[in-house]
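Work through the following exercises with the structure at hand, and try each task before reading its solution.

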Amino acid sequence: MPELPDLLYILARLRERLLGREVTAERVREPVVLRCTVRGNLSLLLGRTLAEVFRKSHFLVFRFEGLDLAVNPMLAGRFRLTEPGGRDERTLGFALGFGNVEMRYLDDKKMGKAYLIATDDWKAIPGLQTGGVDILSPEFTRERFVSLLKHRRDQVRVFLLDKRVLDSLGNAYADEVLFEAGIHPKTFCRSISHDDGVRLHEAIVKVMSEAVAEVEDRAEPIDVKVRDFLKVRRKETCPRCGARIRTAGVRGMDAWFCPRCQPASRPGLVDWTRAGK
Ligand SMILES: [Zn+2]
């Protein structure tokens, strides 16, 4: 799934190539990825100019006069910019032509969705969670984060993935951030000390800004997901201590972590090695 650094990179490239251009062609190869909550289909976009492309939570939104096309790439959705006239990929969901450039939405798993809605009609989109603080903005302060953390009763990894609170972390960067802060993914928020909360905030800012810069520097085509620089996610050994990376299920999601650098805390249990009795 594209995460924040990927989405920001894709967004910048789409803006460069497509803003101000008129839709000259459209085709839907996989109707299951498209939901229209307005009367009509993708052909409604023909002749309309792309006024803006922006991010709303983990959706990319293409804004035309009177209509928004909001795409949630889910697990496997990708965008590709290409010349019109090429052969359709097996995984093609839909394509929009903008004169001499074509934007394709590809999805191996057909789990992503594109919603054609009236402008700003966000309530028409099921599962669109918004309202989280943008973790790359100045509003994402240490005080605000620690206060959000203190009021949660669930596990820290579940909290990090909650898009109503933080905008936004996905599975891969949640693991990276917890590794950076040295916190076990199953730690309960309420057992995280103030100092650890501060370190977690610093880890989010550091990991995410470095990832944004790395993805930008690599300058790959927008359908290539740059993830090889990650430290724990889908890795075998810890780059810091050499221990074998483990996985653990947290609310049905696989978390990757280093058992030595991110030791499990046991709230409520006495640590007999330190109790002195
Ligand atoms: Zn380690």
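**Exercise 1. Two backbone details**

In which loop is the place of Ser168? Find that loop in this predicted model, and then describe the peptide bond that leads into Ser168.

Solution. Begin with the location: Ser168 is found in the loop between β11 (166–167) and α4 (171–181). Next, look at the bond from Asp167 to Ser168, which is cis, with omega near -20°. Then turn to Asp120, which sits in the loop between β9 (113–118) and β10 (133–134) and has a positive phi, near 65°, although Asp120 is not a glycine. For comparison, most peptide bonds are trans, and most residues other than glycine have a negative phi.

**Exercise 2. The sheet of 4 strands**

Write down the strand order of the open sheet of 4 strands, and explain why one side of β1 and of β6 is left without a neighbour in the sheet.

Solution. Step one is the order, which reads β1-β7-β8-β6, with antiparallel pairing. Step two concerns the ends of that order: β1 (25–28) and β6 (77–82) stand at the edges and each has a single partner strand, so one side of each has no neighbour in the sheet. From one strand to the next the twist averages 15°. Step three is to follow the pairing of β6 with β8 (residues 101–107), where 6 bridges join the two antiparallel strands; Phe79 stands opposite Tyr105 in β8. Finally, add helix α1 (residues 4–18), which packs on this sheet and touches β6, β7 (92–98) and β8, with a direction that makes about 30° with that of β6.

**Exercise 3. The sheet of 5 strands**

Determine the order and the edge strands of the open sheet of 5 strands, and then place α1 relative to β3 and β4.

Solution. The order is β2-β9-β5-β4-β3, and here the pairing is mixed. The edge strands, β2 (34–36) and β3 (52–56), each pair on one side only, and the twist averages 20° from one strand to the next. Following β3 to β4 (residues 59–64), one finds antiparallel pairing over 5 bridges, with Glu52 standing opposite Arg63 in β4. Helix α1 lies across β3 and β4, running at about 170° to β3.

**Exercise 4. Where the two domains meet**

Describe the contact between domain 1 and domain 2, first by its residues and buried area, and then by its salt bridges.

Solution. Start with the division of the protein into domain 1 (4–124) and domain 2 (133–273), whose C-alpha centres lie 30 Å apart. The contact takes 16 residues from domain 1 and 19 residues from domain 2. Between them the domains bury about 1,500 Å², 58% of it on carbon and sulfur atoms. In domain 1, the residues that lose the most area to domain 2 are Leu4, Pro5 and Tyr9, together 40% of what that side buries.

Now consider the charged and polar pairs: 6 salt bridges are found across the interface of domain 1 and domain 2, and 6 residue pairs (both at pLDDT 80 or more) are in polar contact between the domains. Glu216 forms a salt bridge with Arg13, in which the closest N and O atoms are 3.3 Å apart. As a last step, assign the side of domain 1 that touches domain 2 to its elements: α1 and β6 each supply at least two residues, and α1 gives the most, with 8 residues.

Methods. Residues numbered from 1 in each chain as written. Predicted model: local features only at pLDDT ≥ 70, side-chain atom pairs only at ≥ 80, totals over all residues. Heavy atoms only, no water. Pairing = 2+ DSSP bridges. Axes fitted to C-alpha atoms, helices over the stretch in contact; angles between N-to-C directions. Contact = heavy atoms within 4.5 Å. Domains from an automatic or database assignment. Buried area = accessible area lost by both parts, 1.4 Å probe. Salt bridge = Lys/Arg side-chain N within 4 Å of Asp/Glu carboxyl O. Polar contact = N/O pair within 3.5 Å; in protein donor to acceptor, adjacent residues only side chain to side chain.
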